[in-house]
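Okay, thanks for coming, everyone. Let me put the model up on the screen and then we'll walk through it piece by piece.

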Amino acid sequence: MLELDKVILEDLENVYQRGIHWEKFRDASVLVTGANGLIATYITYMLLYLNERAGLGVKVIGLARSPEKVRSKYGSLLERDDLHMVYQDVTKPLQVDGPVDYIIHTASPTGPRQFVSTPVDTILANVGGTFQLLEGGRARGMKGFLLLSTREIYGSGSKDFVREGDYGAVDPTLVRSCYPESKRMSETLCASYQAQYGVECRVVRIAHTYGPGMVLRDGRVVGDFLGNVVDGKDITMNSDGSGTLALTYIGDVLAGIMQAACNFQEFVYNISNSEETISVKGLAETLCSLFQEKGIKPRFQAATEQEKAGYLANKLGFLDSAKAAGEGWEVQTSLAEGMKRTAQYFSRQGK
């Protein structure tokens, strides 16, 4: 049996019960990139869970750069016969022996600090990495490719909620644009491989995802705030708190990715909680209220110049997920419930 935290196992069972066409993965070889990341870890857990729950015989291949982080993240799971890890940079030619039926590509820099300090690396990871995986997968008889993308590709516009066909401007001369511009090209590569080589591709665009196993204290709002909660410290905001967020629990994001891979028929889908938006200040206040026993409160401090450089220059619209909802995806975890589940997990991990 999978030796995972109770909260994670509950999430996996919830997704399993959502009417997803899991038979698509029977006896398949599935490569998951960015194996140490929150979403990739949950995808890997889900595929292993399918083997135990439904006997699907999935061969799971994780791709990561750091063996140390993999050992810390997966522990005894690395002893399983149905899980194999490959250690390489995603920008290099794919180093996997044998066929690869499906690739789920999540590997990407995701933090503003990375975008500002290593913009060239960000571009190469997104564009070069996607190319190497598409090419390597095609050479190994790949049946399907799923790219995890971002709401930032929509650029700035006048709409509060953006659908899959709404595109605004991105200033290519800003260093901070290394992320949305390279993600745009990654999507174009997928569309091009589908058109020229017949590789079935899907793109899932997400926004702020949180949950058990996320990185705390990483310079992003949710990770920093939850880190403060776990540490029992006041929640510090490096702004006036007026910025707004649409946060989606990892279980719901996982369900959307799996539905896109197994059920959905079109090229691109937004997967995000469109019903619950909250300001940064509101999130801080909500967390203080949810965990009153910790005696923490919100406070403000001025942002550093490096932190300001990582901020988006223009307001982005939230993701309208009506298209995915119309094909069966739904948000099942409220913000309050998701935050409680995440905090419960970290309290048991002693982090």
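So, to start: how many bridges join strand 4 to strand 5, and do they run parallel or antiparallel? There are 4 bridges between strand 4 (residues 102-105) and strand 5, and the two run parallel. Pairing here means that DSSP finds at least two bridges between two strands. Helices (H or I, at least four residues) and strands (E, at least two) are DSSP runs, numbered from the N terminus.

Quick housekeeping before I go on. This is a predicted model, so local features need pLDDT of at least 70 and side-chain atom pairs count only at pLDDT 80 or more, while totals for chains, interfaces and linings use all residues. Residues are numbered from 1 along each chain as its sequence is written, and side-chain values use heavy atoms, with hydrogens and water left out.

Back to strand 5. On its strand 4 side, histidine 105 stands opposite leucine 147. Strand 5 also runs parallel to strand 7 (residues 200-206), joined by 7 bridges, and there serine 149 stands opposite arginine 205. Strand 5 itself covers residues 144-150, and 7 of its 7 residues are buried; buried is under 20% relative accessible area, exposed is over 50%, and partly exposed is in between, with a 1.4 Å probe and protein chains only. In a regular strand the side chains alternate between the two faces of the sheet. Here both faces are covered: Gly144, Leu146, Leu148 and Thr150 on one side, Phe145, Leu147 and Ser149 on the other.

There's another sheet to look at, an open one of 3 strands in the order 8-10-12, with mixed pairing. Strand 8 and strand 12 (277-279) are the edges, each pairing on one side only. Neighbouring strands in this sheet are turned by 45° against each other on average, direction ignored; the axes are lines fitted to C-alpha atoms, for helices over the stretch in contact, and angles run from 0 to 180 degrees between N-to-C directions. Strand 8 and strand 10 pair in the parallel sense over 3 bridges, and histidine 208 has leucine 247 of strand 10 as its bridge partner.

Now, what packs around here? Look at helix 7, residues 221-231, where Val222, Gly223, Phe225, Leu226, Gly227, Asn228 and Val229 are buried. Those buried residues pack against strand 8 (208-210), strand 9 (235-237), strand 10 (244-249), helix 9 (280-290) and helix 12 (335-349). Just after helix 7, glycine 232 takes a positive phi of about 70°.

On to the cores. A nonpolar core is a set of buried Ala, Val, Leu, Ile, Met, Phe, Trp, Tyr and Cys residues joined through side-chain atoms within 4.5 Å. The largest one has 79 residues, and Leu12, Trp22, Phe25, Met46 and Leu47 touch the most other members. Helix 2 (residues 38-54) supplies the largest share, 11 residues. There's also a second, separate core of 21 residues, which includes Leu31, Ile103, Leu147 and Cys190. So Leu147 from strand 5 turns up again, in that second core.

Let's do rings. Rings of Phe, Tyr and Trp (its six-membered ring) pair if their centres lie within 6.5 Å; planes under 30 degrees apart count as stacked, over 60 as edge-to-face and the rest as tilted. By that rule we get 12 aromatic pairs. Take phenylalanine 115 and tyrosine 179: stacked, 4.3 Å centre to centre, 15° between the planes. Phenylalanine 115 is in helix 4 (residues 112-117) and tyrosine 179 in helix 6 (residues 178-197), so this pair ties together parts 64 residues apart in sequence. Both of those residues are buried.

Then there's phenylalanine 161 with phenylalanine 318, which is tilted because the planes sit at 45°, with centres 5.5 Å apart. That one links strand 6 (residues 161-162) to strand 14 (residues 318-319), 157 residues apart. Phenylalanine 161 is partly exposed at 32% relative accessibility, whereas phenylalanine 318 is buried at 9%.

Last stop: aspartate 320, in the loop between strand 14 and helix 11 (322-326). Is aspartate 320 buried or exposed? Buried, with a relative accessible area of 17%. Leaving aside neighbours within four places in sequence, aspartate 320 is in contact (heavy atoms within 4.5 Å) with Phe161, Val162, Arg163, Glu164, Asn270 and Ser274.
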